[in-house]
Amino acid sequence: MPCAIYLSQNLSTPLKSNDTWVVNTLGGVMGIEKKTDHSNGLSRRNFVKLGAASALVGTAAVAALPEQVAAETTKAASGPKIVPALPIKVSSDFKRFNQEKTAFVQAIRGEFPSGMDALIKVDGPMHTEPGKAPVVGHQEVDKALVMAGWAIHKQICELSEISGPQDSMAYSLENEVKNAPVKFASKTEATEHVKKAATFLGASLVGIAPYDERWTYATQYDPFKDVIYDVKLPFTPKSVIVMAFEMDYAAMSTAPLYVSGATAAMEYSQMAITGASLRTFFNELGYKAFATGNDIALSIPYAISAGLGEAARNGILVTSQFGPRVRLAKVFTEMDLNYDKPISFGVRHFCQDCKLCADACPAKAISQERLPSFKVENECNNPGVEKWAIDAKKCLEGWGKVGSDCSTCIASCPYNKPDFWHHRMVDKVNKFMPESVHSVMREMDKLFGYGNLSDPVAAKDFWKNES
Amino acid sequence: MGVFSGIEVLFFFLGVITTCGIGGIVYLKKQYNADHKSLLLSGSGLFFFVFFVAWSCSSVLENEHQAANMGFVFFGLPAILLFGIAWKQLRKVSIAVKQ
């Protein structure tokens, strides 16, 4: 018997009276073989019969699974598929959201003081506890990288990330259209050109959804004028180009250290650059258009509608390519384009049993409920949508605790993986697994070392120059 | 590696390993008259070995060293086990043929 088998024996198990051990040499590999006398026990033939009987019983048990479980398993196993309508229940009494109810706006308006304290701690000068050296990933150089990431965003659309300034260079609603509209041979051709332009200009993923007034904010807060105003669009858009921007995996692996905030900041700047550039592309073609980041309308419903991904437990979009490691921007246009369909690849099903993000959240702001519901946590959630509502106030207070813009729910998510073949394979296998296996897969994810938080090694690795 | 990315180099060598492995199994069949059981065990061992190399090298490329180590535990060790059992089976068959 080869050594590997010998090593796998449980040596603490006492020998039975009918066991004998013999030294066996095979091909130069020496091992010890246990010979068991089965004269009074289970013979090899009976063992095979027992195995066959067990297999039959197992098959029968699987066949007799409750219909609902089987249906759920099939639902998960059906793989990435296009679904005809928005795969989220929206109640008939759903009302457009008032953006000033977000935790951020409440914080900057003084209605949520602990939220403001958290924002000051995150955005203000670096704070180190006296007598303590800052940990790797939370030092001056990391903070400098965060500020560098925000640099362009601050120049062309400051504060649009948390509020709704009425006019900014990148996200201005009024844009001049000088030329007569260019006619394309077909909608398909126009759609192809728009998608190519979006990816060329910097988007990682692009999808197109029809305009849906429900997702436009009813009111919005302008932090520069300190007013709440009704959101009025300059024209009725026909199409919404939704773009996802991949955040850097190595940087996100350091969450909640500063470096993870740097990749978020960097992509906010990229959102503004690409959004403004794509808006200009439409304007040059003779079509009205305007770009938005987090302002004007909700991004996630549009992203789902445009087939970019699914809504997850952590309250953010999970894409099939980058998981939750994306930021979203939108360009509204009057151009008539082909719309993408929503997709489903088992995220909501997996989220039911995973809960890694909820466990990892330092503020315990993510729901531990198994199933999504219409329940809301506070006024920061818009009622009328079936989801796992997050407690946005706790979330913002959590930023204050960790001293950065956190991102632990992104870093800990099992869908947050680099775009490597083996992760795509696991995603595909995952769809064939019943709910009971999802908990095992969640533990395997941890066992394999993914989703570590506040990891100074990840921060050191990030700063290694590999060029 | 110049113009080739790490993953491209990896898949090239996976091709080399798979080709050599299949060649080895064919050699065992022809040279030692290996029976179906030992061929099946060798083939399964080869599959696990190729998978282990692919998984662990990919994990190193994405800078996830713990995942690379776990790749050895979950795929590398079963490969060694299967090769060992296959070798034992082959010895048994070749001794029987000699007798």
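A patch here is made of residues with over 30% relative accessible area and no salt bridge, with nonpolar side chains joined within 5 Å. Keep that in mind for chain B, where four residues meet that description. One thing up front: this is a predicted model. Here's a quick look at chain A overall, one aspartate in it, and the patch on chain B.

**The patch on chain B**
- Phe72(B), Val73(B), Leu77(B) and Ile80(B) make up a nonpolar surface patch, and together they offer about 310 Å² of accessible area.
- One of them, Val73(B), sits in helix α3 of chain B, which covers residues 65-98.
- Val73(B) has a relative accessible area of 41%, so it counts as partly exposed; that value also clears the patch cut-off of over 30%.

**Chain A as a whole**
- Chain A has 17 helices and 12 strands.
- Its length is 467 residues, and 48% of them count as buried.
- Take the contacts in chain A between residues at least 6 apart in sequence: 77% of these link residues at least 24 apart.
- About 22,700 Å² of chain A is exposed, with 58% of that coming from carbon and sulfur atoms.

**A closer look at Asp427(A)**
- Asp427(A) belongs to helix α15 of chain A, which runs over residues 421-431.
- At a relative accessible area of 17%, Asp427(A) is buried, because the cut-off for that label is under 20%.
- Leaving out residues up to four places away in sequence, Asp427(A) touches Ser320(A) and Tyr415(A).

Terms used. Residues numbered from 1 in each chain as written. Chains lettered and ligands numbered in written order. Predicted model: local features only at pLDDT ≥ 70, side-chain atom pairs only at ≥ 80, totals over all residues. Heavy atoms only, no water. Patch = residues over 30% accessible without salt bridge, like charges linked within 9 Å, V, L, I, M, F, W, Y side chains within 5 Å. Areas by Shrake-Rupley, 256 points an atom, 1.4 Å probe, with all protein chains shown as cover. Salt bridge = Lys/Arg side-chain N within 4 Å of Asp/Glu carboxyl O. Helix = DSSP H or I, 4+ residues; strand = E, 2+ residues; numbered from the N terminus. Buried < 20%, exposed > 50% of the residue type's maximum accessible area, 1.4 Å probe, protein only. Contact = heavy atoms within 4.5 Å.
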